[in-house]
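Student: I am new to this structure and would like a close look at a single part of it. Could you pick one residue, walk me through its surroundings, and then show me how the rest of the chain is arranged?

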Amino acid sequence: EDLITLTDSSSKLIHFVNYEDSWYRSNLRKLGGWSLEMIDVRYPCSGASNWTASMAQSGGTPGVLNSVTTDNPDLSPPVIIGTFASHNQEIKITFDQALSLSSKENEEIIIEPTVQVDTFFTSSYAVPVLTVKLQDTLIID
């Protein structure tokens, strides 16, 4: 179990995976000698549902097509599992999966009843928490 990141020369994130040994889906293979392989490379950060133990006899497929390659689109949007007002102008929203904020120009946060949002961001690509900074002030009881 660990977090692995791949960045370019300017430290821009290219890809990450925060894997667990349960992703092997095989008690025998998770004991060692087998690589985890991504099932569908078009959905690189979709988590456990897109990883499994290699089926290659060698235990992995470095430099060639993964042995488990198949269509496996991520069809489920992130679901909010918790919210917390850390102070009167900030809300932290926890999701059930990592978020991919590709272009904030095309994304918006709407809060009902209406509260004006200043900015929003994730502090870590591996932690599914969205921090929302508000223009308005919340009344916290």
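Tutor: Let's begin with Ser54, which is buried, because its relative accessible area is 0%. Keep in mind as we go that this is a predicted model. Ser54 sits in the loop between strand E4 (51-53) and strand E5 (80-87). What does the side chain of Ser54 make a polar contact with? One partner is the side chain of Glu37, at 2.9 Å. The side chain of Ser54 also reaches the backbone nitrogen of Ala56, at 3.1 Å. If you set aside the neighbours within four places in sequence, Ser54 is in contact with Arg29, Trp34, Ser35, Glu37, Gly59, Gly60, Thr61, Ser67 and Val68. Glu37 therefore turns up twice around this buried serine, as a polar partner of the Ser54 side chain and in the list of contacts.

Now let's step back to the whole chain. The protein chain has 0 helices and 8 strands, so from the N terminus on its elements read β-β-β-β-β-β-β-β. The C-alpha trace of the protein chain spans about 60 × 35 × 25 Å along its principal axes. A compact globule of 141 residues would have a radius of gyration near 14 Å, whereas the protein chain has 19 Å. Of its 141 residues, 28% count as buried. Among contacts between residues at least 6 apart in sequence, 39% join residues at least 24 apart.

Next comes the sheet. Four strands form an open sheet in the order E5-E6-E8-E7, with antiparallel pairing. E5 and E7 are the edge strands, each with a single partner strand, so one side of each has no neighbour in the sheet. On average, neighbouring strands of this sheet are turned by 20° against each other, direction ignored.

Follow the sheet from E5. E5 and E6 pair in the antiparallel sense over 6 bridges, and a hairpin joins E5 to E6 through 2 residues. In this pairing, Ile80 stands opposite Phe95 in E6. E6 is also joined to E8, by 5 bridges, and these two strands run antiparallel. Here the bridge partner of Lys92 is Thr131 in E8.

Ser86 is a good residue to visit in strand E5. Ser86 counts as partly exposed because its relative accessible area is 29%. The side chain of Ser86 makes a polar contact with the side chain of Glu90, at 2.5 Å. Ser86 and Thr131 are 45 residues apart in sequence, yet they lie 9.5 Å apart in space, C-alpha to C-alpha.

What fills the largest nonpolar core? That core has 11 residues: Ile91, Ile93, Phe95, Leu99, Ile111, Val115, Val117, Phe120, Leu130, Val132 and Leu134. Strand E6 (90-95), strand E7 (117-122) and strand E8 (129-134) each supply at least two residues of this core. Apart from it lies another core, of 7 residues, including Val17, Trp23, Leu36 and Trp51. Phe95 is a handy link in this picture, as a member of the largest core that also stands opposite Ile80.

Val115 is another core member, and its place is in the loop between E6 and E7. Is Val115 buried or exposed? Val115 counts as buried, because its relative accessibility is 16% and the cut-off for buried is under 20%. Not counting residues up to four places away in sequence, Val115 touches Leu134, Asp136 and Leu138. Leu134 belongs to the largest core as well. Val115 and Thr137 are 22 residues apart in sequence and 8.3 Å apart in space, C-alpha to C-alpha.

The loop between E6 and E7 also holds Pro113. A cis peptide bond joins Glu112 and Pro113, with omega at about -5°.

Two more loop residues are worth finding for their backbone angles. Phi of Ser11 is near 70°, a positive value in a residue other than glycine. Ser11 is placed in the loop between strand E1 (2-7) and strand E2 (13-19), and it counts as exposed because its relative accessibility is 58%. Arg25 also has a positive phi, near 60°, and is likewise a residue other than glycine. Arg25 lies in the loop between E2 and strand E3 (36-38), and it counts as exposed because its relative accessibility is 52%.

To return to where we began, Ser54 is a loop residue with a relative accessible area of 0%, while Ser11 is a loop residue at 58%.

Notes: Residues numbered from 1 in each chain as written. Predicted model: local features only at pLDDT ≥ 70, side-chain atom pairs only at ≥ 80, totals over all residues. Heavy atoms only, no water. Core = buried A, V, L, I, M, F, W, Y, C linked by side-chain atoms within 4.5 Å. Buried < 20%, exposed > 50% of the residue type's maximum accessible area, 1.4 Å probe, protein only. Polar contact = N/O pair within 3.5 Å; in protein donor to acceptor, adjacent residues only side chain to side chain. Contact = heavy atoms within 4.5 Å. Pairing = 2+ DSSP bridges. Axes fitted to C-alpha atoms, helices over the stretch in contact; angles between N-to-C directions. Rg over C-alpha atoms; globule rule 2.2 N^0.38 Å.
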